[in-house]
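Please guide me through this structure in the viewer, one selection at a time. I should like to know what to select next and what is to be found there.

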Amino acid sequence: MELGRLLSVWVALLVLLALTIGASFLPIGDWRQAINLAIAAAKAALILWVFMAFRTETPLVRLVMLCAAVLLFVLAILLAADYFLRPEGFL
Amino acid sequence: MSEAGLTNAPSEGTAPRQTRAEAQSYLSDGNSLRSWLLTTDHKRIAILYLISITAFFAVAATAAALMRLELLTPNGDVLTAEGYNRAFTLHGVIMVWFFLIPSIPNVFGNFLIPLMIGARDLAFPRLNLASWYIFMAGGLFTLSALIFGGVDTGWTFYTPLSSHYANGNVVLALAAVFIAGWSSILTGINFIVTIHKLRAPGMTWGRLPLFVWTHYATALILVLATPVLAVTLLLVMAERVFGLGIFDPALGGDPLLFEHLFWFYSHPAVYIMVLPAMGVVSELVTAAAHKKLFGYWFVAYSSLAIATIGFLVWGHHMFVSGESMYASTIFSFLSLIVAVPSAIKVYNWTATLYKGSIALNAAFLFAMGFIGLFVMGGLTGLMLALLAIDVHVHDTYFVVAHFHYIMVGGAVTAFLGAVHFWWPKMFGRMYNEVWGRISAAFIFIGFNLTFFPQFLLGYMGMPRRYHVYPPEFQTLNVLSSAGASLLGIGYVLPLIYLFYSLRNGETAGDNPWHVTGLEWTVPSPPPTHNFEEAPVVVNGPYEYPLSHDSSIA
Amino acid sequence: MTIARHEPFADIAREREADRLGMIVFLASEAMLFGAIVMALLALRTFEPTAFAATSERLILLAGAANTAILLTSSLLVAVGVGARKLDRNRLAMALFAGAALLGIAFLIVKGSEYRAEYLEGLMPGVGPRQDFASPGARMFMDAYFIATGLHAVHVIVGVVLLAGCAWRLRGDAPPSVVGTGNVGLYWHLVDIVWVFLFPILYLSR
């Protein structure tokens with residue numbers, strides 16, 4: 001039932017929130033940042049797919065959001081290509 | 001070519017004060033100022049934009065004239081250094097955001113897209129009007145910045161000059177561009193939804209004129225790139241107004257981060273300026289040759305390819321700003337790739353012209369000018385994409401010449417070509433063809449005389465944004481300024497003969513050029529609702545020879 | 001109002017599709033807006049990792065976590081509300097949207113109290129009884145924090161106004177259409193998604 005699905009997603013989101021807070025206290029160094037970003041992406045995906053009903057939307061609508069996501073990913077990759085590949089002494 | 005259409009009664013005379021079509025058109029549908037300022041008709045909004053961008057062009061061209069006047073001599077005698085900085089900043093800001101970006105999309109895109117796809121208006125007509133008002137608000141902020149003394153940061157607003165050291169009305173200018181950006185975004189949303197949802201029955205993607213394809217690609221860039229500019233300028237404003245420094249090296253920030261975010265928008269922005277121009281040229285080339293466009297799908301997909309790859313190349317503006325060598329190599333490679341779809345278009349236009357029966361009217365002269373000048377601009381762009389050359393010519397007049405070949409030789413020339421091609425449709429009048437060709441000649445010759453010497457100057461080392469230079473550069477600078485006066489004449493001429501044609505021009509029929517396209521099947525000028533009933537499209541675009549003037553094939 | 005067809009559409013179904021597509025395209029541009037800020041934040045984190053982490057720990061984690069839970073719950077209410085509108089259960093939809101708007105206001109109250117605490121603690125750049133930044137990098141973190149959360153809060157305010165307006169109109173005889181209600185809901189969900197990214201980057205970079 002629709003309401004049941006919405007409620008389960010809400011519970012899942014709160015669980016992920018608890019997980020992300022917990023993970024930030026683990027002694028695993030920089031992996032914390034990566035895990036937290038991954039959890040944030042998972043939450044965003046759940047909100048998009050179920051709350052925003054992308055599950056039942058047309059392919060065109062999904063493609064539009066996908067374009068924005070891919071473009072942001074491109075920005076991240078190429079920014080990283082600059083900042084992580086600088087010679088020693090800058091970062 | 002200038003024969004009256006089949007639908008006008010001969011007893012009207014060839015140049016009446018008001019033709020019958022005009023009386024029933026969108027131009028006569030309400031004569032009050034209110035009916036124009038509160039219109040939701042895409043055609044009227046296009047005219048509002050046409051008037052505004054022409055005014056902005058005049059302001060920015062005046063700034064350019066001052067600059068070229070200053071550069072006649074090696075010393076600074078017309079302007080101070082500060083004054084010169086303010087002149088080129090004003091020139092850049094207005095030309096980029098208040099002329100080039102809105103020119104073809106907001107005048108011809110607005111006017112023609114609904115007509116070309118068989119719709120009665122854009123998807124969101126009131127949003128369209130809002131776009132114009134937002135644009136004018138941005139323009140007002142720009143003019144205020146000018147009146148209060150100007151800005152000296154360059155149109156690129158690099159930090160920390162813009163965020164920290166510049167005195168002047170930086171926040172006003174930043175706010176102006178921020179506001180104008182929202183006009184762009186709303187236009188992009190309108191175009192995307194219109195093209196997806198308002199095509200007439202039978203108007204499949206494969207039957208769309210290339211003008212529509214390129215405007216679709218442009219709209220994608222408008223919607224996805226402009227917000228990044230908006231937020232970047234907001235960050236600079238926050239630093240100036242509230243002292244919140246993200247780009248401040250003293251706090252550990254990186255001015256290059258500004259450049260990354262700024263060029264992430266501003267490189268795709270140049271494709272916002274050039275893609276619509278390419279769409280215009282596709283239309284002008286098939287119209288002049290009276291021949292089907294060669295390689296329709298190649299040209300259509302190349303528009304999308306340019307938009308996509310155009311998002312991946314921004315780092316080539318920062319090769320000498322401290323960007324990592326590895327990132328620079330990646331950007332250099334991608335910048336070479338982005339030339340491929342543009343080249344595909346040029347080859348297809350050439351192939352279209354081959355064995356066509358070409359009409360050398362003014363519009364086509366502009367289109368030919370575009371092809372030649374765009375190729376030169378593009379080739380020099382490839383040179384700039386190569387790291388070794390860029391290190392030598394970055395921040396010199398070589399770069400200035402390159403982008404003016406694309407922006408002026410390309411985009412502005414195509415804009416004028418569009419004006420000369422669709423003027424009869426928009427206003428129902430033919431202009432004097434001879435004067436049209438004369439202005440095309442003035443513009444082509446004047447343009448080359450102005451900007452070719454700048455390639456040489458830049459290669460020899462003359463830096464850009466300087467109002468003084470070593471005396472050995474004077475000859476080329478004088479040639480360049482002379483060319484600028486010819487160019488100026490070329491721009492003023494159309495204002496005269498086009499305006500004259502509004503009352504005194506011969507009546508244009510529905511299809512004075514005898515070309516394909518749904519816009520040529522309605523009267524000139526079109527009635528407010530464009531089509532009596534929705535057309536049903538059964539043929540492809542560019543199906544020559546035309547069987548009848550009022551069909552699209 | 002709900003069944004009126006606007007020019008230039010030939011039929012209502014097309015118009016509804018166009019309204020939905022228009023909203024989605026607008027949300028894509030909003031995603032780019034905040035995406036650029038997130039990228040800037042991530043870049044700052046790589047410039048000054050220690051200062052970033054140290055200052056992140058000085059934020060009130062409880063407030064941030066509570067705000068995340070508040071927004072997620074309000075998203076739930078909105079999602080159910082949109083579903084209710086689809087079934088024409090307008091009174092239920094109105095209550096849910098009003099509830100979501102109230103949660104939005106709760107978010108703003110928590111945020112405001114955080115700002116006040118930061119002001120008093122000396123973490124608000126340029127203002128306050130004192131300036132207590134451990135290092136220039138700490139100052140930069142707080143600069144970025146205020147810009148990011150400030151811009152987000154502006155969008156929350158807009159969202160609250162939209163939700164409240166929608167709830168108000170759902171009371172009467174001319175309620176907003178299913179697509180219109182859905183569009184307001186979509187805007188609110190995007191505001192939620194943005195916070196989902198801002199929260200870990202700002203509060204959990206310890």
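## A pair of helices to begin with

Select helix α3 (residues 42–70) of chain B together with α4(B): the two pack at an angle of about 155°, and their axes are 8 Å apart. Since angles over 145 degrees count as roughly antiparallel, α3(B) is therefore roughly antiparallel to α4(B). Their crossing is left-handed. If the residues of this contact are coloured by class, 25 prove to be nonpolar, five polar and two charged. Please bear in mind throughout that the model is predicted.

## From α4 to α8

Keep helix α4 (residues 81–117) of chain B selected and add helix α8 (residues 210–242) of chain B. Here the packing angle is about 125°, with 10 Å between the axes. What is the orientation of α4(B) and α8(B) to each other? An angle over 115 but not over 145 degrees falls in the oblique class, and α4(B) and α8(B) are therefore oblique to each other. The crossing of α4(B) and α8(B) is left-handed.

To see the contact itself, display side chains on both helices. On α4(B), select B:Pro105, B:Gly109, B:Leu112, B:Ile113, B:Met116 and B:Ile117; the residues they meet on α8(B) are B:Phe211, B:Val212, B:His215 and B:Thr218. By class, seven residues of this contact are nonpolar and three are polar, with no charged residue.

## The whole of chain B

Now zoom out and select chain B as a whole. Its secondary structure consists of 17 helices and two strands. Along the principal axes, the C-alpha trace spans about 75 × 45 × 45 Å. The radius of gyration is 23 Å, which agrees with the value near 24 Å for a compact globule of 553 residues. Colour the chain by burial: buried residues make up 60% of the 553 residues. Turning to contacts with a separation of 6 or more, 85% of those in chain B are accounted for by residues 24 or more positions apart.

## The side facing chain C

Show chain C next and select the residues at its contact with chain B. The contact takes 34 residues from chain B and 33 residues from chain C. On the side of chain B, α7 (170–197), α8 and α9 (255–289) each supply at least two residues. Which helix gives the largest share of the side of chain B that touches chain C? That helix is α8(B), with ten residues. By class, this side of chain B has 24 nonpolar, six polar and four charged residues.

## The side facing chain A

Hide chain C and show chain A. Twelve residues of chain B are in contact with twelve residues of chain A. Both α9 and α11 (325–337) of chain B supply at least two residues each to the side of chain B that touches chain A. The most comes from α11(B), which gives three residues. Seven nonpolar, four polar and one charged residues make up this side of chain B by class.

## The loop between α5 and α6

Return to chain B alone for some points of backbone geometry. Most residues other than glycine have a negative phi, and most peptide bonds are trans.

Centre the view on B:Pro160, in the loop between α5 (125–147) and α6 (161–165) of chain B. A cis peptide bond joins B:Thr159 to B:Pro160, with omega about -5°. Then select B:Phe157, which lies in the loop between α5 and α6 of chain B. Its phi is near 50°, a positive value in a residue other than glycine. Is B:Phe157 buried or exposed? A residue counts as buried with 20 or more other C-beta atoms within 10 Å; B:Phe157 has 23 and is therefore buried.

## The segment after β2

For the last stop, move to the segment after β2 (506–507) of chain B, where B:Pro525 has its place. The peptide bond from B:Ser524 to B:Pro525 is cis, and omega is near -5°. Finally, select B:Tyr542, which lies in the segment after β2 of chain B. B:Tyr542 has a positive phi, near 60°, in a residue other than glycine. With 25 other C-beta atoms within 10 Å, B:Tyr542 is buried.

Notes
Residues are numbered from 1 along each chain as its sequence is written. Chains are lettered from A and ligands numbered from 1 in the order in which they are written. This is a predicted model: local features need pLDDT of at least 70, side-chain atom pairs count only at pLDDT 80 or more; totals for chains, interfaces and linings use all residues. Helices (H or I, at least four residues) and strands (E, at least two) are DSSP runs, numbered from the N terminus. The radius of gyration is taken over C-alpha atoms; the globule rule is 2.2 Å times the number of residues to the power 0.38. A residue is buried if 20 or more other C-beta atoms lie within 10 Å of its own, exposed if 12 or fewer, and partly exposed in between; C-beta atoms are placed from the backbone. Two residues are in contact if their C-beta atoms, placed from the backbone, lie within 7 Å. Axes are lines fitted to C-alpha atoms, for helices over the stretch in contact, and angles run from 0 to 180 degrees between N-to-C directions. Angles under 35 degrees count as roughly parallel, over 145 as roughly antiparallel, 65 to 115 as roughly perpendicular and the rest as oblique. A crossing is left-handed if the near helix is turned anticlockwise from the far one by less than a right angle, and right-handed if clockwise. Ala, Val, Leu, Ile, Met, Phe, Trp, Tyr, Cys and Pro count as nonpolar, Asp, Glu, Lys and Arg as charged, and the others, Gly among them, as polar.
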